[in-house]
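Subject: Handover of a structure and summary of findings

Dear colleague,

Please find below the structure that I am handing over to you. The findings follow directly after it.

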Amino acid sequence: MTKRLEELTRFATEIRYHTLKTLNQLGFGHYGGSLSAVEVLAALYGEILDVTIQNFASKERDHFVLSKGHAGPALYSALYLKGFFDRDFLWSLNRNGTHLPSHPDRNLTPGIDMTTGSLGQGMSVATGIAYGKKMVASPYYTYALVGDGELNEGQCWEAAQFAAHQQLSRLFLFVDDNKKQLDGRTAKICQTFDFVEKFTSFGWEAVRVDGASIKAILAVVQTMKDSASSRPKCIVLDTVKGQGVEFLEEMESNHHLRLSGQLLADLEEVAQSLVEEVEVIQ
């Protein structure tokens, strides 16, 4: 497993690198929430998800919904590395006429299961997908990634209540608890309190893990899969907005950035350091 973790760590580094490069060449974008999702995306697309180019058109597979659609650049980087499209396609991010908009669109981009960006809706749709799978006794799983600020949306909690009532045990929800949302810190805008306690009270199995640790993410997913519980599963990821880039982590307003000359130079330097850390696929 040590070798596999090394491979997944490298995969995460590659996702982070390509996320930075595509946003840097664009000159603006959602840096903070894309970077905080890198490790969970590496775990999902590197190990957990039963999704390939070959089986993507089939219903007989796992599904993933990026409910926090503004983290699209990180998801696109993972899909590029999995071979869903080439680098020119990746670098067309948010350009005129692109098939790679800033938020995922299932009708435009290969590898996308659900169009998202209107916060709250992705979690609801993921719940519906999981319900449909249960109705036909499918052995496959549905995974979704939601933001902590996104959980201000009431429909998320309607979906949570429905999922528990229907005993959707093959629904896995990851909460990217990076402590910030568009306008600032979640604790100041709308206090979230304890997500583990909240989801548990709604009838879910819930646990908090280090969202920067692929090893911890994989371990808790396996533990929950091995559980005999009929409850849906919630994994709260303890993350930092801008994760993996120290000066972005320390920046107070890092949800969406427009790059000045110095900031661009600093981010390009970080990207170059990632290339030197591992032999990144370019």
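What percentage of the 282 residues in the protein do buried residues make up? The figure is 54%. Please bear in mind throughout that this is a predicted model.

Overall architecture

The protein contains 12 helices and nine strands. Its radius of gyration is 18 Å, close to the 19 Å that the globule rule gives for 282 residues, so the protein is as compact as a globular protein of that length. The C-alpha trace spans about 50 × 45 × 40 Å along the principal axes. Among contacts with a separation of 6 or more, 75% are accounted for by residues 24 or more positions apart.

With regard to the surface, the protein exposes about 12,300 Å², and carbon and sulfur atoms supply 49% of that area. There are 27 positive and 35 negative side chains, and the centres of these two sets lie 5 Å apart.

The annotated domain

The unreviewed UniProt entry carries the annotation "domain: Transketolase N-terminal", which covers residues 11–256. Over residues 11–256 the chain is 41% helix and 14% strand. The C-alpha atoms at the two ends of this stretch are 24 Å apart.

V65 and T116

Strand β2, residues 63–66, includes V65. Is V65 buried or exposed? With a relative accessible area of 1%, V65 is under the 20% cut-off and is therefore buried. Leaving aside neighbours within four places in sequence, the contacts of V65 are M114, T116, G122, A126, I129, Y143, A144 and L145. By contrast with these contacts, G97 is 32 residues from V65 in sequence and 24 Å from V65 in space, C-alpha to C-alpha.

One of the contacts of V65 is T116, a residue found in the loop between α5 (87–90) and α6 (121–135). T116 also counts as buried, at 8% relative accessibility. Residues up to four places away in sequence not being counted, T116 touches V65, L66, S67, G69, H103, P104 and G122. G122 thus appears among the contacts of V65 and among those of T116.

T115 and N94, in the loop between α5 and α6

T115 is placed in the loop between α5 and α6. At 34% relative accessibility, T115 counts as partly exposed, whereas T116 is buried. Which residues does T115 touch, not counting those up to four places away in sequence? They are P104, D105, R106 and N107; P104 is also touched by T116. T115 and H103 are 12 residues apart along the chain, and their C-alpha atoms are separated by 7.7 Å.

N94 lies in the loop between α5 and α6 as well. Although N94 is not a glycine, it has a positive phi of about 60 degrees. N94 is partly exposed, with a relative accessible area of 32%.

K179

A positive phi is also found at K179, a residue other than glycine, where the value is near 75 degrees. K179 is located in the loop between β4 (171–177) and β5 (180–181). Its relative accessibility of 30% makes K179 partly exposed.

T19 and H165, in two helices

Helix α1, residues 2–26, holds T19. T19 counts as buried, at 0% relative accessibility. Where residues up to four places away in sequence are not counted, T19 touches S34, L35, P73, A74 and S77.

H165 is in helix α7, which runs over residues 154–165. Is H165 buried or exposed? Its relative accessible area is 65%, over the 50% cut-off, so H165 is exposed. H165 and L5 are 160 residues apart along the chain, and their C-alpha atoms are separated by 36 Å.

In brief

For orientation, V65 in strand β2 and T19 in helix α1 offer two starting points for viewing buried residues, with relative accessible areas of 1% for V65 and 0% for T19. H165 in helix α7 provides an exposed counterpart. N94, T115 and K179 are partly exposed.

Yours sincerely

Terms used
Residues numbered from 1 in each chain as written. Predicted model: local features only at pLDDT ≥ 70, side-chain atom pairs only at ≥ 80, totals over all residues. Heavy atoms only, no water. Helix = DSSP H or I, 4+ residues; strand = E, 2+ residues; numbered from the N terminus. Rg over C-alpha atoms; globule rule 2.2 N^0.38 Å. Buried < 20%, exposed > 50% of the residue type's maximum accessible area, 1.4 Å probe, protein only. Contact = heavy atoms within 4.5 Å. Areas by Shrake-Rupley, 256 points an atom, 1.4 Å probe, with all protein chains shown as cover. Lys, Arg positive; Asp, Glu negative; His and termini not counted. Charge placed at Lys NZ, Arg CZ, Asp CG, Glu CD. UniProt positions renumbered as here; feature names shortened; annotations may be inferred.
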